[in-house]
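Visitor: I'd like a close look at one part of this model, please. Could you pick a single helix and walk me through its surroundings?

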Amino acid sequence: MGEAARAFIRLAGTRRWRRRIAAIEARIRARRLAGTVARDRHALELAIDRLAGPGSARPSAAERAVAALASDAVAVHADLSETGRGRFMARLDAALEGEGTLVPLFHLLRTAALNRARGFAVRFSGLEEETPHDLLIEREGRAAEIVCAVVSADEGRWVHRGDWFALVDRINPELQSWLAAHPGRYILKMTLPDGLDGTRNLAAVQARIAALLAAERKSDHSETAVLRLDPLLVAQAEAGQAALAARLRAQFGEEAHFAVAAADSSVFVMAARAGRPNEVAAVLQRRLAELPARLSGTRPGILAVFVEDTDRTEWRSLRERLELEGATRNFLTAPEARHVVAVTCASRFEMLGQPEPVAARGGELRYRNPAHPLARDAALAPAVLSQV
């Protein structure tokens, strides 16, 4: 596995890889909490770098999955034509610059690998011929086009995780000073009517919290935030952070965000939620409606969607509440879905080989379009029959 990681780094360019990892690690160190967002976003790169380094630690299941994808990347690149290799490297270059990640490229590779394992011959048509669709799969004389896409759950959230952590990092010095002057156990309940946006109202929310603490008020109501400062129950405060978070989540809902500041025996908990529910499923449905334009219309199409920026609680909840299924099946009734035979959905938990119920059975969710004439075609069945 170490050699697979090292081969991938050589493919990317060793010097550039070192610069990229150094930049990611600097972002992680720069902020106490906000750095965790960078760590999660670049988990694939960090895993490859760990695998390539010295040491005999037994790789985790997630690291084994990443190593397999890194090995696939090297093998696929070698098998492509010169033109295809150029397009492959362009995608890899984009993944290693700025806000890019390896997720789109590895989602493509994993989708191809899943279909090879189901008995399909797979062609990287997007790389070889620059087709709008990414893959062409064939089996028993039947062929289907696959479009691979990444959708961020943050597009459907009113409070982005990164913005929340940025707020907590910015307010933390003031909280520490306040706790030193007001020892005890507190919970600050926050409702954000318009959500939280780093470019729009984060500074204003921070200012309202600072003003509440400075004036030693118990509540503050504004268009920006509704704040209430209450004592934290002793039983809650004495629970471990994981148990405390579970109790608070049960009280405030799955979409709430939490942070804990501690100083000696004092504890200050912040619990925040938006003034409206998240719309992750609605964003998925809108993005699905855009993807059929990348199909030729001459063959059945499969839309392989990777839902990024979810944590394990949210991903499981989206599946168990059938929100993803509802959005997908609504899309499949629309006219633009007439050439779509199936939709698949996966997250980093499937990509990293996590077990049920953290990840979906079979490595992805599959939703068949019952209106498509080839929905039950025996040759295409392994790729399109529903797993839910």
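Guide: Let's take helix α7, then the sheet beside it and the core that shares some of its residues. Keep in mind that this is a predicted model.

Helix α7 covers residues 103–117, 15 in number. From first C-alpha to last it reaches 21 Å, close to the 21 Å you'd expect at 1.5 Å a residue. How much of α7 is buried? With a cut-off of under 20% relative accessible area, 11 of its 15 residues count as buried, so the helix is largely enclosed by the rest of the structure. The buried set is V103, L105, F106, H107, L108, L109, R110, T111, A112, L114 and N115. Notice that H107, R110, T111 and N115 are on that list along with the likes of L105 and F106. After the helix comes G119, with a positive phi near 95°.

Now for what α7 lies on. It lies across β1, β2 (135–139), β3 (142–152), β9 (301–308) and β10, and runs at about 150° to β3. Those strands belong to an open, six-stranded sheet with mixed pairing, in the order β1-β2-β3-β9-β10-β11. At the edges stand β1 (121–123) and β11 (365–368); each has a single partner strand, so one side of each has no neighbour in the sheet. On average, neighbouring strands are turned by 25° against each other, ignoring direction.

Over at the β11 edge, β10 (residues 340–346) pairs with β11 in the antiparallel sense, over four bridges. T344 has R366 of β11 as its bridge partner. Another helix packs on the sheet too: α15 (residues 323–332) touches β9, β10 and β11, and its direction makes about 30° with that of β11.

Back to F106, a buried residue of α7. In the largest nonpolar core, 54 residues in all, F106 is among those with the most contacts inside it, together with I48, F88 and L102. Helix α5 (residues 61–79) gives the most to this core, with seven residues. If you centre your view on I48, you'll find F106 and L102 in contact with it, as well as A5, F8, I9, W17, V66 and A70, leaving aside neighbours within four places in sequence. As a rule, nonpolar side chains in soluble globular proteins tend to be buried together. Apart from this core lies another, of 32 residues, including V37, L175, L196 and L229.

Definitions and conventions: Residues numbered from 1 in each chain as written. Predicted model: local features only at pLDDT ≥ 70, side-chain atom pairs only at ≥ 80, totals over all residues. Heavy atoms only, no water. Core = buried A, V, L, I, M, F, W, Y, C linked by side-chain atoms within 4.5 Å. Buried < 20%, exposed > 50% of the residue type's maximum accessible area, 1.4 Å probe, protein only. Helix = DSSP H or I, 4+ residues; strand = E, 2+ residues; numbered from the N terminus. Contact = heavy atoms within 4.5 Å. Expected span 1.5 Å × (residues − 1). Pairing = 2+ DSSP bridges. Axes fitted to C-alpha atoms, helices over the stretch in contact; angles between N-to-C directions.
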